[in-house]
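Reader: Could you walk me through this model, starting with the ligands and then moving on to the fold? I will interrupt with questions as we go.

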Amino acid sequence: MFDTAALLAVLRRAPVVPVLIIDRLEDAVPLGTALVKGGLPALEVTLRTPAALDAIRAMSAIPGGVVGAGTVLDRAQARAAVEAGAKFLVSPGATPDLLDAAIEFGVPLLPGVATASEAMIARDKGYRVVKFFPAGPAGGPKYLQALASPLGDMVFCPTGGVSLDNATDYLKLKNVVCVGGSWVAPSDAVKAGDWARVEQLAREAAAIAV
Ligand SMILES: O=C[C@H](O)COP(=O)(O)O
Ligand SMILES: CC(=O)C(=O)O
């Protein structure tokens with residue numbers, strides 16, 4: 001059975017889960033440290049770059065952080081992420097095999113869904129916490145609000161097009177537990193090694209009040 005409590009324990013630590021694309025391994029620890037210092041402990045390292053798995057390994061040592069893997073597309077990637085030390089997994093969509101694999105591995109998975117049917121497929125496997133992706137293009141807060149009554153026992157982490165400006169529109173919905181977004185780690189700041197800016201963006205995100 002899927003461990004909903006373990007996933008919620010990670011997602012409830014802050015209103016925002018940073019979605020990270022790490023090209024240079026040497027950026028991983030200072031980037032993660034700035035985010036954690038700013039108040040965002042749950043870090044989603046997307047498996048979109050060759051450095052991602054090593055980044056997860058390195059960032060797992062950051063005090064106060066909880067490092068997970070994003071863009072997990074299949075069972076093999078889920079296994080590799082868990083072996084690298086990922087404490088949670090995130091996917092843009094969900095296949096039945098990925099949903100099963102996370103349960104078998106005993107690692108919390110936040111599977112992506114964009115429709116009621118996709119949410120129901122995850123729900124059938126025991127998932128009650130899912131990612132709404134891509135949140136903005138798929139319909140934004142109004143769409144998600146419309147799912148709250150029929151899918152009354154599910155909660156969402158909207159990701160994709162979320163920013164400091166619109167995060168509250170999602171976070172005030174009763175079926176939203178947190179939001180995900182890359183805006184707290186802009187690629188120009190990461191390239192420049194501007195960790196003070198990242199920490200400040202994290203601080204603003206962590207302080208979002210609903
Ligand atoms: O691929 C996109 C990530 O899920 C985050 O989306 P974002 O860059 O709009 O915050
Ligand atoms: C979209 C996202 O957050 C992911 O790639 O897992």
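Author: Before the ligand shells make sense, one convention is needed: Ala, Val, Leu, Ile, Met, Phe, Trp, Tyr, Cys and Pro count as nonpolar, Asp, Glu, Lys and Arg as charged, and the others, Gly among them, as polar. Please also keep in mind that this is a predicted model.

Reader: Fine, so how does the shell around ligand 2 divide into nonpolar, polar and charged residues?

Author: The shell around ligand 2 has four nonpolar and six polar residues, and no charged ones. Its members are Val-19, Thr-46, Gly-70, Thr-71, Val-90, Ser-91, Pro-92, Phe-133, Thr-159 and Gly-180.

Reader: And which residues are around ligand 1?

Author: Ligand 1 has Val-19, Thr-159, Gly-160, Gly-161, Val-162, Gly-181, Ser-182 and Trp-183 around it. That shell divides into three nonpolar residues, five polar ones and no charged ones. Val-19 and Thr-159 belong to the surroundings of ligand 1 and are also listed around ligand 2.

Reader: Back to ligand 2 for a moment: what is the phi of Thr-71?

Author: Thr-71 has a positive phi of about 55°, although the residue is not a glycine. Thr-71 sits in the loop between β3, residues 66-70, and α4, and it counts as buried because it has 20 C-beta neighbours inside 10 Å.

Reader: What about the peptide bond from Phe-133 to Pro-134?

Author: That bond, from Phe-133 to Pro-134, is cis, with omega near -10°. Pro-134 is placed in the loop that runs between β7 (129-132) and α7 (135-138), while Phe-133 is one of the residues surrounding ligand 2.

Reader: Let me zoom out, then. How many helices and strands are in the chain?

Author: The chain contains 11 helices and nine strands. Its radius of gyration is 16 Å, close to the 17 Å that the globule rule gives for 210 residues, so the chain is as compact as a globular protein of that length. Taken along the principal axes, the C-alpha atoms fill a box of roughly 45 × 35 × 25 Å.

Reader: And what percentage of the residues is buried?

Author: Buried residues make up 45% of the 210 in the chain. As for contacts with a separation of 6 or more, 61% are between residues 24 or more positions apart.

Reader: Which residues touch the most other members of the largest nonpolar core?

Author: Those are Leu-35, Val-45, Ile-56, Ala-81, Ala-86 and Leu-89, in a core of 73 residues. Helix α3, residues 52-59, gives this core its largest share, six residues. As background, nonpolar side chains in soluble globular proteins tend to be buried together.

Reader: Take Val-45 from that list; what is Val-45 in contact with?

Author: Leaving aside neighbours within four places in sequence, Val-45 is in contact with Leu-20, Ile-22, Ala-52, Ala-55, Ile-56, Met-59, Val-67, Ala-69 and Gly-70.

Reader: Now helices. Which residues of α5 are buried?

Author: In α5, which covers residues 96-105, the buried residues are Leu-98, Ala-101 and Ala-102. Seen down the helix axis, the buried residues of α5 fall within an arc of 95°, so they line one face of the helix. They pack against α4 (75-83), β4 (89-90) and β5 (109-110).

Reader: What does the face of α5 turned away from the buried side carry?

Author: That face carries the exposed residues Pro-96, Asp-100 and Glu-104. After α5 comes Gly-106, with a positive phi near 70°.

Reader: And where do the buried residues of α1 fall, seen down its axis?

Author: The buried residues of α1, a helix of residues 4-11, are Leu-7, Val-10 and Leu-11. Seen down the axis of α1, they fall within an arc of 95°, so they line one face of the helix. Their cover includes β1 (16-20), β2 (42-46), β3, β5, β7 and β8 (155-158).

Reader: Last one: is Leu-171 buried or partly exposed?

Author: Leu-171 counts as partly exposed because it has 19 C-beta neighbours inside 10 Å, and a residue is buried if 20 or more lie within that distance. Leu-171 lies in helix α9, residues 167-171. Not counting residues up to four places away in sequence, Leu-171 touches Pro-15, Val-176, Val-179, Ile-208 and Val-210.

Methods:
Residues are numbered from 1 along each chain as its sequence is written. Chains are lettered from A and ligands numbered from 1 in the order in which they are written. This is a predicted model: local features need pLDDT of at least 70, side-chain atom pairs count only at pLDDT 80 or more; totals for chains, interfaces and linings use all residues. A residue is near a molecule or strand if its C-beta atom, placed from the backbone, lies within 6 Å of it. A residue is buried if 20 or more other C-beta atoms lie within 10 Å of its own, exposed if 12 or fewer, and partly exposed in between; C-beta atoms are placed from the backbone. Helices (H or I, at least four residues) and strands (E, at least two) are DSSP runs, numbered from the N terminus. The arc is that of the directions from the helix axis to the C-beta atoms. Two residues are in contact if their C-beta atoms, placed from the backbone, lie within 7 Å. The radius of gyration is taken over C-alpha atoms; the globule rule is 2.2 Å times the number of residues to the power 0.38. A nonpolar core is a set of buried Ala, Val, Leu, Ile, Met, Phe, Trp, Tyr and Cys residues joined through C-beta atoms within 7 Å.
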